[in-house]
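Welcome! Have a look at the model below, and then we can go through some questions together.

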Amino acid sequence: MQQYQIACSMLDWLKSEMVWIFVYIEWQIFHLATTENPNLGVWFMPVTSIIIFGTIGYWLSQSFLAR
């Protein structure tokens, strides 16, 4: 039962992170369409990857500790 709760919690966190990432992308789409120098930034993919994989790594470590 503990594993199930950890998995559900991980999915909740990933879902909320993905929502906020897509909110940022939508905001950037509007900003890039209205500016003369469109640039999403080179930091976007590394930061997004660190957030997603960091969350997965944290919850997987919690899952292994709860065995």
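The questions and answers below concern this predicted model.

Q: What makes up the secondary structure of the protein, in helices and strands?
A: The protein has 2 helices and 0 strands. The helices are H1, residues 2-33, and H2, residues 44-65.

Q: How do you know whether the protein is a compact globule or not?
A: Set its radius of gyration against the rule for a globule. For 67 residues, a compact globule would come out near 11 Å, but the protein has 16 Å. The C-alpha box tells its own story: roughly 55 × 20 × 5 Å along the principal axes. Buried residues make up 18% of the 67.

Q: What makes Leu60 partly exposed rather than buried or exposed?
A: Buried means under 20% relative accessible area and exposed means over 50%, with partly exposed in between. Leu60 has 42%, so the label is partly exposed. This residue lies in helix H2. Its C-alpha atom is separated by 16 Å from that of Ser49, 11 residues apart along the chain.

Q: How do you know what span to expect for H2?
A: The expected span is 1.5 Å times one less than the number of residues. H2 has 22 residues, and the expected value is 32 Å. From first C-alpha to last, H2 reaches 32 Å, close to that expectation.

Q: Which residues of H2 are buried, and why are they said to be on the same side?
A: The buried residues of H2 are Phe44, Thr48, Ile52, Thr55, Trp59 and Ser63. They cover an arc of only 75° around the axis, and therefore they sit on the same side of H2. On the other side of H2, Ile50, Phe53, Phe64 and Leu65 are exposed. What covers the buried residues of H2 includes H1.

Q: Why is a set of residues called a nonpolar core, and which residues form the largest one here?
A: The name applies to buried residues of certain kinds, Ile, Met, Leu, Phe and Trp among them, joined through side-chain atoms within 4.5 Å. The largest nonpolar core here has 7 residues: Ile6, Met10, Leu14, Ile21, Phe44, Ile52 and Trp59. Both H1 and H2 supply at least two residues of this core, and H1 gives the most, with 4.

Q: What is Ile6 in contact with, leaving aside its neighbours within four places in sequence?
A: Contact means heavy atoms within 4.5 Å. With those neighbours left aside, Ile6 is in contact with Trp59, Gln62, Ser63 and Ala66.

Conventions. Residues numbered from 1 in each chain as written. Predicted model: local features only at pLDDT ≥ 70, side-chain atom pairs only at ≥ 80, totals over all residues. Heavy atoms only, no water. Buried < 20%, exposed > 50% of the residue type's maximum accessible area, 1.4 Å probe, protein only. Rg over C-alpha atoms; globule rule 2.2 N^0.38 Å. Arc of directions from axis to C-beta.
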